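Reader: I'm new to reading protein models and I'd like some help with this one. Can we go through it in questions and answers?

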Amino acid sequence: MTPAARLQAVIEILDAVAARQTQDGAAEHPAELAVNDYLRQRRYIGSKDRRAVTAMTYDLLRHRARLAWWLERGEGSADSPRQQLLAYLELCADESPENLRGLFDGARYAPAPLSAEEDAVVERLADPELRAAEPPAWVAQEVPEWIAPKLREAFGEAAESEAAALLQEAATDLRVNLLLGTREAAQAALAEEGIETAPTPLSPRGLRVEGRRALRASLAFGAGLVELQDEGSQLAALLCDARPGMAVADVCAGAGGKTLALAAEMHGQGRLLAMDVDQSRLDKGALRMKRAGLKSGDAGFIERRAVKDIAADEDLHGAFERVLVDAPCSGSGAWRRHPDARWRLTPEKLEDYKAAQRDVLRKAARLVKPGGRLVYVTCSLLPEENAAQVASFLEEAPAYAARPAVEVWRDVLEADYPGDPEQPFLTLTPARHGTDGFFIAILERNREAA
């Protein structure tokens, strides 16, 4: 593809993203789906061009606040994918107006020539006097204006560095399936396929991939030896301290990423219940279980159950030594992977997430045996979804108390504790740990609880 053809591809993808966002029942990650659909329908596009188009699309989405702020001052439209791209090329890639006119020349596969309005916007954005303006902090941080105070509440002076880390491309991590091989064996198998990896710094089950590779096409992935899973997610599963022979429930199992991690730690022994309100997501998890060498249903120790109300299943009450609640949340800790998600989060949606978190915590607590543990996890960096939710739950549930995460870490892992040992909960962040953002609270039920 020519440079101009790549730009046209980005414009078409941005159009598709905008269309998906306006649909009823819009998908959770419209940008990811739009990119994948576009490239799937154009298999003739080479790998280098695919990477370039994808990288530019995601980088543009990361800088939406900056682009919208400058387009407003340049009397342009932040809703126009073409103008978004023009502003991105001018402000982030230092392209001159003359170069932009050359790229947008209407040649075969190239974007159509600039309209008079677009040309005027490009000229205004090149004006040094206009560009001397200083954007507000939330624009510099590339977060919605109402989110900036929440990051300040969570991280204080470090909010700026945390926001900057959320703009970086996320690493690709793999979890080694210990049911099928060791980390060293997995690393060697991947290397034979030309995929270089290094051990993850914190998770003893993880490998970090160097560069971009088609991992799902690898033999190691196809054989179930490795699974795609961020290091932070791996640590959340490990801190459940699930052991062989235990009864363990993964309440918000989804497609089963953490369920598989728990199964490996249990060595396929005991009882493992994967629950979710969405049967289709559980069905996807069944395929992953099969690839990992595990069986579900009557033939295996993993049971899958789609439920609308876990509190209604009285046969499950008090039946589990470990209950994992990977709660529905804003996903702010994973904005590196889904940069468009930050712009789709609204105060109303956040309130819905908080209500769902309160509900699932209360209901999941009924499943825990006396002396067992309830592990509450979010991939959020917002305090009101994390420590505030746990504090509220503990006020209502006197049978539970926080078990310091540092104690469980030292019981389970050999690495140095990455959090503040004075705090009861563990927060992992992209800036401090190189993981997605995760909050992990371990709540223990009193052994004498009725």
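Reader: What does Glu231 form a salt bridge with?
Author: Quick note before we start: this is a predicted model, so local features need pLDDT of at least 70 and side-chain atom pairs count only at pLDDT 80 or more, while totals for chains, interfaces and linings use all residues. Residues are numbered from 1 along each chain as its sequence is written, and side-chain values use heavy atoms, with hydrogens and water left out. A salt bridge here is a side-chain nitrogen of Lys or Arg within 4 Å of a carboxyl oxygen of Asp or Glu. For Glu231, the closest N and O atoms are 3.1 Å apart, and the partner is Arg208.

Reader: Which elements hold those two, and how many residues apart are they?
Author: Helices (H or I, at least four residues) and strands (E, at least two) are DSSP runs, numbered from the N terminus. Glu231 sits in helix H14 (residues 231-238) and Arg208 in strand S3 (residues 206-209). So the pair links distant parts of the chain, and the separation is 23 residues.

Reader: Are Glu231 and Arg208 buried or exposed?
Author: The cut-offs go by relative accessible area: buried is under 20%, exposed is over 50%, and partly exposed is in between (1.4 Å probe, protein chains only). By that rule, Glu231 and Arg208 are both buried.

Reader: Which residue does Arg288 form a salt bridge with, and why does the pair tie together parts of the chain?
Author: The closest N and O atoms are 3.0 Å apart in this pair. Arg288 lies in helix H16 (residues 279-291) and its partner in strand S4 (residues 226-228), so parts 61 residues apart in sequence get tied together. Arg288 counts as buried because its relative accessibility is 19%. The partner, buried at a relative accessible area of 4%, is Glu227.

Reader: In the pair of Glu303 and Arg305, which residue counts as partly exposed?
Author: These two form a salt bridge with closest N and O atoms 2.9 Å apart. Arg305 has a relative accessible area of 19%, so Arg305 is buried. The one that counts as partly exposed, at 26%, is Glu303.

Reader: How many salt bridges are there in the whole structure?
Author: Some of them join up: Asp241, Arg243, Arg322, Arg373, Arg403, Glu407, Asp411 and Glu444 are linked in a network. A search of the whole structure gives a total of 36.

Reader: Which strands pair with S5?
Author: Two strands pair if DSSP finds at least two bridges between them. S5 (residues 247-250) is covered on both faces, with Ala247 and Ala249 buried on one side and Val248 and Asp250 buried on the other. Ala247 stands opposite Arg271 in one partner, while Asp250 has Leu324 as its bridge partner in the other. Those parallel partners are S6 (residues 271-276), over four bridges, and S8 (residues 320-326), over three.

Reader: Why is strand S12 largely enclosed by the rest of the structure, and which strands pair with it?
Author: Seven of the eight residues of S12 (residues 438-445) are buried, so the rest of the structure largely encloses this strand. Leu443 in S12 is the bridge partner of Leu374 and also of Ala402, and Phe439 is the bridge partner of Thr427. The pairing is antiparallel each time: six bridges with S9 (residues 368-378), three with S10 (residues 400-402), and three with S11 (residues 426-428).

Reader: Where on helix H12 do the buried residues fall?
Author: In H12 (residues 183-192), the buried ones are Arg183, Ala186 and Leu190. Glu184 and Glu192, by contrast, are exposed on the other side. Seen down the axis, the buried residues fall within an arc of 60° (taken from the directions from the helix axis to the C-beta atoms). So they line one face of the helix.

Reader: Which helix gives the most to the largest nonpolar core?
Author: A nonpolar core is a set of buried Ala, Val, Leu, Ile, Met, Phe, Trp, Tyr and Cys residues joined through side-chain atoms within 4.5 Å. This one has 38 residues, and Ile13, Leu85, Leu89, Phe104 and Leu125 touch the most other members. With eight residues, the top contributor is H1.
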